[in-house]
Every structure is written in C-alpha cells, then in structure tokens.
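User: I'm new to this one and would like to know what stands behind the labels people put on it. Can we go through them together?

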Amino acid sequence: MTKLYSDFATLYHRVYPSFIDYDEQQKFYTGLLRQNNCSKVLELGCGTGQLAKRMLAEGWDYRGVDLSEAMLDIARIEAPGGQFFQGDMCNF
C-alpha cells in the first residue's frame, strides 16, 4: 500500500476535495440507487468517508470497505453513522 493511503491519509482527506466533486458523485450515485430501488450502499474503496457522509445525510444504509486502516479511522470520524470495514476489494 502506498504512503498516500497510510502515512498521508490526513493529507489525502484534505486535498482530494479540492479536485473531486463529492457532491456531484453523491447525486449521480443517488440517482442510480433510486432508479434501481436500492436502500443500501456498499462502497468499495471508501477512503476517508467523503462520499459516505453525504450518503448518510440522505438516509442511506451505508457500509464502506477500504484497505487502509488509517483512511478508515478518518472515515469513522467523518461519517459516524456508517459501518466501515478493513478489507481488500480484490478479495471481496
């Protein structure tokens, strides 16, 4: 795992929103979920919970998986209503 996802997880959390539009991502995914009558979300590679906190604010039943425990530590603070699990999406 690269240092970006472990040693620099806090930096990742601060920098990525400057060029990733998480609000637009959330709108896109919400549209797909509603179109398919879904009520639960499983995000593989959930990172620091940027999308998770938006999905939870809209009332989705959310679970996130990420390889980096450092990223998950931040996600659990950012999105306390979510359920986060450490795991490798390649072995999911």
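User: What makes the side chains of glutamate 78 and lysine 53 a salt bridge?

Analyst: First, a word on the model: it is predicted, so local features need pLDDT of at least 70 and side-chain atom pairs count only at pLDDT 80 or more, while totals for chains, interfaces and linings use all residues. Residues are numbered from 1 along each chain as its sequence is written, and side-chain values use heavy atoms, with hydrogens and water left out. Now the pair: a salt bridge needs a side-chain nitrogen of Lys or Arg within 4 Å of a carboxyl oxygen of Asp or Glu. Glutamate 78 and lysine 53 meet at 2.9 Å, N to O, so the pair fits the rule. Glutamate 78 sits in helix H4 (residues 69–78) and lysine 53 in helix H3, 25 residues apart, so distant parts of the chain are linked. Helices here are DSSP runs (H or I, at least four residues), strands are E runs of at least two, and both are numbered from the N terminus.

User: Why is glutamate 78 called partly exposed?

Analyst: Buried means under 20% relative accessible area, exposed means over 50%, and partly exposed is in between (1.4 Å probe, protein chains only). Glutamate 78 has 27%, so it counts as partly exposed. Its partner lysine 53 gets that label too, at 29%.

User: Which other salt bridges can you show me, among the 7 in the structure?

Analyst: One of them joins arginine 54 and aspartate 23 at 2.7 Å, N to O. Arginine 54 lies in helix H3 and aspartate 23 in helix H2 (residues 22–35), so this pair ties together parts 31 residues apart in sequence. Arginine 63 and aspartate 61 also meet, at 2.8 Å. There's a network of salt bridges as well, linking Glu69, Asp73 and Arg76.

User: How do you know whether threonine 48 is buried or exposed?

Analyst: Its relative accessibility is 2%, so threonine 48 counts as buried. You'll find threonine 48 in the loop between strand S1 (40–44) and helix H3 (50–57). Leaving aside neighbours within four places in sequence, its contacts (heavy atoms within 4.5 Å) include Ala9, Tyr12, Met71 and Glu78.

User: What makes up the largest nonpolar core?

Analyst: A nonpolar core is a set of buried Ala, Val, Leu, Ile, Met, Phe, Trp, Tyr and Cys residues joined through side-chain atoms within 4.5 Å. The largest one has 12 residues, among them Leu33, Leu51, Met55, Trp60, Ala75 and Phe84. H3 and H4 are the elements that give two or more residues to this core, and H3 gives the most, with 3.

User: What makes Phe8, Leu11, Val15 and Phe19 a patch?

Analyst: Patches take residues with over 30% relative accessible area and no salt bridge; nonpolar side chains (Val, Leu, Ile, Met, Phe, Trp, Tyr) are joined within 5 Å, like charges within 9 Å. These four form a nonpolar surface patch with about 390 Å² of accessible area together (Shrake-Rupley method, 1.4 Å probe, only the protein chains shown counting as cover for residues). Leucine 11, for one, has 49% relative accessibility and counts as partly exposed.

User: How do you know whether the radius of gyration agrees with a compact globule?

Analyst: The globule rule is 2.2 Å times the number of residues to the power 0.38, and the radius is taken over C-alpha atoms. With 92 residues, a compact globule would come out near 12 Å; the protein has 13 Å, which agrees.
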